[in-house]
Amino acid sequence: MSAEARTPNPFFPHRHLLGIEGLSAAEIERLLDLSNRYADMSKDDSTARALLRGRTVMNVFFENSTRTQTSFELAAKRLGADVTNMSVGTSSIKKGETLLDTAMTLNAMRPDVMVVRHSDSGAINLLSQKVDGAVINAGDGRHEHPTQALLDALTIRRRLGKLQGLLVAICGDILHSRVARSNIHLLTKMGARVRVIAPITLLPSNIDRMGVEVFTDMRKGLKDVDIVMMLRLQLERMQGAYVPSVREYFHFFGLDYEKLSVAKPNALIMHPGPMNRGVEIDSEVADDINRSVIREQVEMGVAVRMACLDALTRGIVGQNR
Amino acid sequence: MNSNAVNTEKKKGGRPLLLANARIVDPAANRDERGGILVDGGVIADIGPQVTKQNAPAEADLVDCGGHVLIPGLVDMRVQLREPGGEHQETIATGSLAAAAGGVTSMVCLPNTDPVIDDISGVEYIARRARETKRAKIYCYGALTRGLHGKDLVEMGMLSEFGALGFTDALHAVADAQVMRRALYYARTFDLLIVQHPEEPALAAGGAMNNGELATRIGLPGIPSCAEVMMIERDLHLVRMSGARYHVAHVSTAASVEAIRKAKQEGLRVTCDTAPPYFSLNENEIGDYRTFAKLSPPLRGESDRRAVAAAIAEGVIDCIASDHAPHDVESKRVPFMQAAAGIIGLETLLPVSLELYHKGSLSLLDLLKCATSRPAEILGLPQGRLAKGAPADMVLIDLDKPHRIDVAGFKSKSKNSPYDGRPVQGLVLKTFVDGRLVFSHEGQA
């Protein structure tokens with residue numbers, strides 16, 4: 001039961017966007033260029049509005065996320081698509097259906113694109129093998145979150161004009177972070193140097209094999225960096241199992257001006273949100289209008305997701321293309 | 001530096017101190033020679049054969065050592081001082097008196113107090129009491145897990161900044177391997193020392209003495225000796241993964257010694273200590289249910305005792321600590337099963353350890369190293385050695401003096417020692433902390 005015929009798509013020769021790992025530098029560059037155009041485009045640009053007319057984008061979130069789901073929903077709507085949202089609260093998974101049964105059921109409604117988030121690493125790869133449309137990974141477990149890495153890269157590129165040669169520190173809960181993994185893939189592929197900084201309890205084994213430098217001391221790891229990416233620390237991880245307490249975490253790993261002072265003078269501060277002020281980041285730093293680009297990241301998110309939806313649907317034969 | 005140390009007040013008005021006519025034995029410098037030590041401002045200003053009465057500064061106080069042996073003050077890396085919460089058994093003040101009498105000038109107390117030392121205020125409390133007590137330098141370990149419950153990590157980074165020298169759940173092993181793994185990872189983040197009580201808790205549960213023939217005959221439930229090596233070997237796998245600094249407390253079996261030997265050969269950052277009962281006594285000491293011979297880990301069989309003694313001589317065992325565990329009469333004058341485990345050790349550490357030297361098992365330098373420079377090195381302390389610029393923590397001993405251990409004369413508030421009446425050789429004559437005389441044996445000038 002094939003949804004639509006597919007033609008070769010030289011712009012983006014992948015059926016799905018499951019991660020950054022499988023992408024080439026040139027493909028990333030093209031996605032970022034396209035994202036950049038969408039970022040500068042008016043919200044009601046009529047050409048864009050016609051692009052996905054008659055297409056169905058289905059947001060399937062097995063793990064709740066208001067911000068990412070809203071961002072994808074807006075992106076799809078700005079391209080004129082029909083959008084449905086299925087969140088975990090109403091999911092049949094709760095009634096005992098397996099992931100693949102749910103996927104087959106949704107697939108029968110013939111979506112062109114499924115945007116999927118799941119708490120298990122690899123769940124979206126599995127699902128993508130069983131559906132006819134394109135699948136965008138909106139975050140799977142601790143594996144990948146490709147649109148987050150793309151929006152981070154777009155934010156950096158628009159601020160600093162390039163990725164090549166930059167020194168980027170990713171700080172905090174690397175162990176559980178799909179954002180960290182996707183960013184490591186993207187940044188290293190694009191010629192940036194990446195450091196990770198965390199207590200060893202929050203560092204995955206052999207992380208250095210992913211091409212990053214490992215630090216356990218913020219004052220050393222932040223030395224001369226251009227970009228500081230902070231990660232969110234989940235509440236349940238800061239009560240003794242991985243980190244003894246919030247105050248100890250903030251004392252050694254929370255970003256404040258004192259620790260930031262060893263970075264480049266204009267180093268940018270990023271955070272994928274939602275922030276825990278006073279845990280991984282000091283409020284003053286988070287709100288520093290000259291250095292914090294946290295709100296820009298959210299803004300770039302919509303543009304990047306428009307570009308991904310555009311790129312993936314170029315392979316589908318239909319009267320609108 | 002550790003804020004935990006006793007103040008080394010450099011009183012401007014304090015006069016220099018000259019110890020002349022001594023046999024200076026300092027393992028850190030491999031020194032064993034006649035000479036003297038000049039102390040100024042609490043630190044060693046000069047040391048060697050050139051330091052004599054003749055060239056003493058005019059204003060210096062003179063001590064003639066009468067040719068006796070002058071050694072660095074002992075650094076005891078495992079004591080329980082029971083304060084706060086157990087002041088009826090020992091206090092920091094009485095424990096310090098006992099330390100000075102035993103030649104111990106620095107000691108690290110375990111966090112198993114009430115409340116448990118698992119937060120900044122606990123570490124600060126010990127530091128403050130230590131400052132008030134001038135007779136010995138007192139440090140502490142922080143708990144490894146909150147409340148010693150074996151689950152949640154303590155604020156190791158901050159506790160270390162406030163002076164905790166390492167982290168341990170004291171008399172408990174961390175049973176959960178995942179918790180231990182994360183504890184080692186977290187400690188490695190700040191390069192902190194983790195000290196483990198090596199005993200697989202499930203195997204030790206309910207046991208009162210070493211498992212074996214004697215336990216069977218007297219009808220006491222036994223703790224198999226393999227409970228120790230099992231925990232050590234589990235931890236060594238985790239140490240290999242984490243790269244952390246790991247110290248095994250009171251090693252008591254031959255199998256443990258072998259496991260640690262191999263780990264050291266492999267290059268793991270592993271150290272260990274033992275306590276005098278494990279190389280000077282065996283399980284037969286229990287005899288007719290003597291509760292003073294109830295320890296944790298339990299006294300083992302003779303072959304294990306020999307292996308521990310040999311491992312000290314060989315250097316596989318790094319340190320000798322007193323494992324000072326004061327208990328009141330009520331905790332020991334009960335049926336063996338109900339009795340508390342542990343013995344006092346501050347005042348027997350030196351003479352019982354010297355038995356190894358007197359029997360010819362190892363040289364005086366090698367023996368003293370186990371209780372001075374080596375523990376100081378592991379703990380990151382500047383003392384435990386006699387060198388220019390080092391704190392003037394020193395003990396003058398009559399190395400060969402025969403006497404009987406007399407527990408009634410001990411300074412410790414508790415008297416639970418199995419060594420009462422034991423003939424030994426070696427007597428502490430004088431103890432100095434930062435150049436101050438903190439103990440002098442009666443009958444000595």
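**Figure 1. Charges in chain A.** Lys and Arg count as positive here, while Asp and Glu count as negative; His and the chain ends are left out. With that settled, look at this predicted model and pick out the charged side chains. Chain A carries 41 positive and 37 negative charges, and the mean positions of the two sets lie 2 Å apart.

**Figure 2. The fold of chain A.** If you trace the backbone, you'll come across 12 helices and nine strands. The radius of gyration is 20 Å, close to the 20 Å that the globule rule gives for 321 residues, so chain A is as compact as a globular protein of that length. Want a feel for its dimensions? Along the principal axes, the C-alpha atoms fill a box of roughly 55 × 45 × 35 Å.

**Figure 3. Inside and outside of chain A.** How many of the 321 residues count as buried? The share is 59%. Now for the outside: chain A exposes about 13000 Å², and carbon and sulfur atoms supply 49% of that area. As for who touches whom, take the contacts with a separation of 6 or more: 74% of them come from residues 24 or more positions apart.

**Figure 4. Where chain A meets chain B.** This close-up shows the contact, to which chain A brings 17 residues and chain B brings 18 residues. About 1600 Å² is buried between the two chains, with carbon and sulfur atoms giving 55% of it. Which residues of chain A lose the most area to chain B? They are A:I200, A:P244 and A:E248, and together they make up 33% of what the chain A side buries.

How values were computed
Residues are numbered from 1 along each chain as its sequence is written. Chains are lettered from A and ligands numbered from 1 in the order in which they are written. This is a predicted model: local features need pLDDT of at least 70, side-chain atom pairs count only at pLDDT 80 or more; totals for chains, interfaces and linings use all residues. Side-chain values use heavy atoms; hydrogens and water are left out. Helices (H or I, at least four residues) and strands (E, at least two) are DSSP runs, numbered from the N terminus. The radius of gyration is taken over C-alpha atoms; the globule rule is 2.2 Å times the number of residues to the power 0.38. Buried means under 20% relative accessible area, exposed over 50%, partly exposed in between (1.4 Å probe, protein chains only). Contact means heavy atoms within 4.5 Å. Accessible areas come from the Shrake-Rupley method with a 1.4 Å probe; for residues, only the protein chains shown count as cover. The place of a charge is taken as NZ of Lys, CZ of Arg, CG of Asp or CD of Glu. Buried area is the accessible area (1.4 Å probe) that two parts lose on being put together, summed over both.
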